[in-house]
Amino acid sequence: MNRTLGKVSIVGAGPGDPELITVKALRRIEQADVILYDRLVSEELLQYARPDARRIYCGKSPGLHHMSQQAIHRTLLQYASAGQHVVRLKGGDPLVFGRGGEEALFLQEWGIDYEFVPGVTAAIGAAASADIPLTHRGIATSFACVTASRAQPESGSDTGMIDAAGNAVRWDLLAQSVDTLAIYMGVSQLQQICSELVRYGRPSATPVAVIENGTTSVQRVLTGTLEDIARIAGAAQLGNPALIIVGEVVRIREQLQQIQQQARTMIG
């Protein structure tokens with residue numbers, strides 16, 4: 001490889017709480033010449049960058065992209081080609097609905113060195129912050145991370161919904177074969193998601209939690225069932241970013257809260 005070229009570190013910043021970043025990720029921020037950071041990255045982490053490091057915001061929110069993916073690719077190439085160490089800083093984990101793989105493929109086509117630095121993904125971080133184990137002995141032995149960022153009927157398909165890439169979301173399989181579902185980017189389609197799961201055999205009484213701004217100081221957690229969670233979330237005006245957890249493990253949160261309440265009552 002041309003020694004004059006720089007490199008790109010594709011880094012996961014974790015789910016929101018800046019203390020959940022890894023030591024390796026923090027070191028990459030400290031070393032960076034240029035940092036391209038996303039909307040869900042805590043700006044507190046940017047304080048660890050060198051004073052002379054260039055900071056470039058490239059966040060995306062539903063219906064509003066500050067910088068297109070193609071523009072992000074071009075920016076990574078521009079600075080890395082100039083011999084800079086570029087950190088592509090993403091919320092959560094860069095390889096879980098983070099498009100890190102796309103960026104790595106683009107960089108390889110241009111002969112740019114890259115590395116992945118994993119982060120705590122929202123399914124893990126937000127669930128733990130809400131006292132919900134994704135697996136639990138005797139209750140759940142499997143979980144799946146699913147994106148439902150766009151819900152439209154697929155022509156000729158009976159699976160009901162498609163994701164942002166136009167691929168069918170197999171709610172028929174997910175409803176029957178996975179104990180716990182962690183659904184990203186689905187709060188605006190919550191009613192449709194619940195309806196699809198019930199349609200394909202998940203009991204309407206299945207517990208559901210929706211975690212807004214998970215792991216942060218403004219976290220909100222709402223619980224209900226497949227039958228009523230959309231109404232509950234709508235009444236609370238729940239918004240993005242939010243993670244949906246479907247499964248019996250949500251009941252563990254309720255048990256933990258009851259125990260904590262009992263303990264507070266005894267102390268009081």
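Does C58 count as buried or exposed, and at what relative accessibility? I looked this up before anything else, bearing in mind that the model is predicted, and found that C58 counts as buried because its relative accessibility is 0%. For C194 I noted a relative accessible area of 2%, and this cysteine is therefore buried as well. Burial means under 20% relative accessible area. I then searched for disulfides and found that the structure holds zero of them.

**Overall make-up**

I went on to the chain as a whole, where I counted eight helices and 12 strands. Of the 268 residues in the protein chain, 48% are buried, and the accessible surface comes to about 13,400 Å², with 50% of that area belonging to carbon and sulfur atoms. I also looked at how contacts are spread along the sequence: among those between residues at least 6 apart, 65% join residues at least 24 apart.

**The five-stranded sheet**

Next I traced an open sheet of five strands, which has the order β3-β2-β6-β1-β7 and parallel pairing. Its edge strands are β3 and β7 (113–117), each of which pairs on one side only, and the twist from one strand to the next averages 20 degrees.

I spent some time on β2, residues 34–37, which is joined to β3 (residues 54–57) by four bridges and to β6 (residues 85–90) by four bridges, running parallel to it. Following single residues across the sheet, I found that L36 has I56 as its bridge partner in β3 and R88 as its bridge partner in β6, while V34 stands opposite V86 in β6.

Which residues of β2 lie on each side, and are they buried or exposed? I noted V34 and L36 on one side and I35 and Y37 on the other, and all of these are buried, so that both faces of the strand are covered. This fits the general pattern, because side chains in a regular strand alternate between the two faces of the sheet.

I also checked what lies across these strands, and found helix α2 (residues 69–81) set across β1 (7–12), β2, β3 and β6, running at about 150 degrees to β6.

**The nonpolar cores**

I then turned to the largest nonpolar core, which has 27 residues, and in which W171, L181 and I183 touch the most other members. At least two residues of this core are supplied by each of β8 (143–147), α5 (171–177), β9 (180–184), α6 (190–199), β10 (207–212), α7 (229–235) and β12 (242–246). The largest share comes from α6, with four residues.

I listed the contacts of I183, leaving aside its neighbours within four places in sequence, and these are V146, A148, W171, I193, A242, L243, I244 and V246. Apart from this core lies another, of 18 residues, including L36, M67, A104 and I112. In soluble globular proteins, nonpolar side chains tend to be buried together.

**Helix α4**

What do the buried residues of α4 pack against? I first identified the buried residues of this helix (residues 122–129) as A123, G125, A126 and A127, and then found that they pack against β8, β9, β10 and β12. Last, I looked just past the helix, where α4 is followed by D131, a residue with a positive phi, near 60 degrees.

Terms used
Residues are numbered from 1 along each chain as its sequence is written. This is a predicted model: local features need pLDDT of at least 70, side-chain atom pairs count only at pLDDT 80 or more; totals for chains, interfaces and linings use all residues. Side-chain values use heavy atoms; hydrogens and water are left out. Buried means under 20% relative accessible area, exposed over 50%, partly exposed in between (1.4 Å probe, protein chains only). Contact means heavy atoms within 4.5 Å. Accessible areas come from the Shrake-Rupley method with a 1.4 Å probe; for residues, only the protein chains shown count as cover. Two strands pair if DSSP finds at least two bridges between them. A nonpolar core is a set of buried Ala, Val, Leu, Ile, Met, Phe, Trp, Tyr and Cys residues joined through side-chain atoms within 4.5 Å. A disulfide is a pair of cysteine sulfur atoms within 2.5 Å. Axes are lines fitted to C-alpha atoms, for helices over the stretch in contact, and angles run from 0 to 180 degrees between N-to-C directions.
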